[in-house]
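Me: I'm new to reading protein structures. Could you go through this one with me, feature by feature?

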Amino acid sequence: MDPFKVLIEVVKTSSYTKAAQNLYTSQPSISRDIKRLEHDYDVKVFEFKHSNMRLTSDGETLFRYALQKQRLEDRLRKQLKQAPHTISGELIIGSSYTYGEYRLSEHLADLALKYPQLYVHAKLDNSEHILEHLKHNRIDVGIVEKEMQDNALNKIKIEHDDLVLICRKGQDINQASTFYIRERGSGTRAYQEKGIETLNLDDIFLVEMNNTTLIKNMVRSGMGISIISSTTLTPYDQEHLSVIPLDIQRDFYLFTHKHKYIDDNLNLLIEHLKQQ
């Protein structure tokens, strides 16, 4: 308990016992809080004469400070309660490359128009690294396409995604000798590996890349095939690529740290990201 609050109550009641009753605690606890003040400030708070308790001169000084502290706290509480609701400040969002490059920009542009005083910094990395950043409080929220369970994190499903096979238009997929695959740690890689197994592409040569745009460029050039997120396809891609649906689905997840304080700014960001 705040020892200054205890001091005010003891002075008001002139009794350790009554102060304890009013503060719903024990008399020994009241005594400990007063002794704590005396120890912290190296003073004597009360003196007793003829069974009467009164403040020493140092105790008077501490009591005046306690009253001032209480008034300031009451004023602050009142101001915060009456203050107009303003969304402002800075937030850091971490995202996997797939979501960050093709979906996140829409949300950030909309937020910038609606809340010009809210600055959201985006950090793109593969899913594994994003979750590590989140667990070490380097970012405020993380979005990945990797479903995982972690006792330190809370998870919300925010968007569905389908994986598709792509090749250059007119190319025979069975003649392809190269498959472009995302780097280890990417949330997309596990689904690509599932697709490779489903399509019986065990003998195909794998080329690892950490950028979906580069993968699409290589495929458009007739240099190989790949499996990518349908959300990454642009009208230009649809014109120059053959897109073959696969029975491979996944979801994008929004993660927060379980001990992260969700203030108004962060709550606004989370609710906005949940809107498709």
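Me: Let's start with the rings. How many aromatic pairs does the structure hold?

Reply: Keep in mind that this is a predicted model. It holds five aromatic pairs. A pair of aromatic rings is described by the distance of the centres and the angle of the planes. Take Tyr16 and Phe46: their ring centres are 6.3 Å apart and their planes stand at 65°, so this pair counts as edge-to-face.

Me: Where do Tyr16 and Phe46 lie?

Reply: Tyr16 belongs to helix 2 (residues 16-22) and Phe46 to strand 1 (residues 46-49), so the pair ties together parts that are 30 residues apart in sequence.

Me: Okay, next up: phi. What should I look for?

Reply: Most residues other than glycine have a negative phi, and most peptide bonds are trans. Now look at Ser14, which isn't a glycine and still has a positive phi of about 55°. You'll find Ser14 in the loop between helix 1 and helix 2. Asn200 is not a glycine either, and its phi is positive at about 55°. Asn200 sits in the loop between helix 7 (189-198) and strand 8.

Me: Now the helices. How do I read two of them packed together?

Reply: Two packed helices are described by the angle between their axes and the distance between the axes. Try helix 1 (residues 3-13) with helix 3 (residues 27-41): the angle is about 115° and the axes are 9 Å apart. The crossing of helix 1 past helix 3 is left-handed.

Me: Which residues of helix 1 and helix 3 meet?

Reply: From helix 1 you have Pro3, Phe4, Val6, Leu7 and Val10, and they meet Ile30, Asp33, Ile34, Arg36, Leu37 and Tyr41 of helix 3. Sort the residues of this helix 1 and helix 3 contact by class and you get nine nonpolar, no polar and two charged.

Me: Can I see another helix pair?

Reply: Sure. Helix 5 (residues 97-114) packs with helix 8 (residues 212-220) at an angle of about 85°, and their axes are 10 Å apart. That angle is why helix 5 is called roughly perpendicular to helix 8. Helix 5 brings Thr98, Glu101 and Tyr102 to the contact, while helix 8 brings Thr212, Thr213 and Lys216. By class, this contact of helix 5 with helix 8 has one nonpolar, three polar and two charged residues.

Me: And how do helix 5 and helix 10 cross?

Reply: Their axes come within 11 Å and cross at roughly 125°. Helix 5 and helix 10 are therefore oblique to each other. Helix 5 passes helix 10 in a right-handed crossing. On the helix 5 side, Tyr99, Leu104, His107, Asp110, Leu111 and Lys114 meet Leu268, Leu269, His272 and Leu273 of helix 10. The helix 5 and helix 10 contact divides into six nonpolar, two polar and two charged residues.

Me: Time for the sheet. In what order do its strands come?

Reply: Eight strands form an open sheet, and the order is 4-3-5-10-6-9-7-8, with mixed pairing. Strand 4 (118-124) and strand 8 (205-209) are at the edges with a single partner strand each, so one side of each has no neighbour in the sheet. If you ignore direction, neighbouring strands here are turned by 25° against each other on average.

Me: Which strands run parallel and which antiparallel?

Reply: Strand 3 (residues 89-95) and strand 4 run parallel, joined by seven bridges. One example is Glu90, whose bridge partner in strand 4 is Tyr119. Strand 6 and strand 10 run antiparallel, with 14 bridges joining them. There, Cys167 has Ser242 of strand 10 as its bridge partner. Strand 6 and strand 9 are antiparallel too, joined by four bridges. In that pairing, Val164 stands opposite Ile228 in strand 9.

Me: What does helix 10 (residues 264-273) lie across?

Reply: Helix 10 lies across strand 3, strand 4, strand 5, strand 6 and strand 10, and it runs at about 40° to strand 3. Find that helix in the viewer and trace the strands one by one.

Technical notes: Residues are numbered from 1 along each chain as its sequence is written. This is a predicted model: local features need pLDDT of at least 70, side-chain atom pairs count only at pLDDT 80 or more; totals for chains, interfaces and linings use all residues. Side-chain values use heavy atoms; hydrogens and water are left out. Axes are lines fitted to C-alpha atoms, for helices over the stretch in contact, and angles run from 0 to 180 degrees between N-to-C directions. Helices (H or I, at least four residues) and strands (E, at least two) are DSSP runs, numbered from the N terminus. A crossing is left-handed if the near helix is turned anticlockwise from the far one by less than a right angle, and right-handed if clockwise. Contact means heavy atoms within 4.5 Å. Ala, Val, Leu, Ile, Met, Phe, Trp, Tyr, Cys and Pro count as nonpolar, Asp, Glu, Lys and Arg as charged, and the others, Gly among them, as polar. Angles under 35 degrees count as roughly parallel, over 145 as roughly antiparallel, 65 to 115 as roughly perpendicular and the rest as oblique. Two strands pair if DSSP finds at least two bridges between them. Rings of Phe, Tyr and Trp (its six-membered ring) pair if their centres lie within 6.5 Å; planes under 30 degrees apart count as stacked, over 60 as edge-to-face and the rest as tilted.
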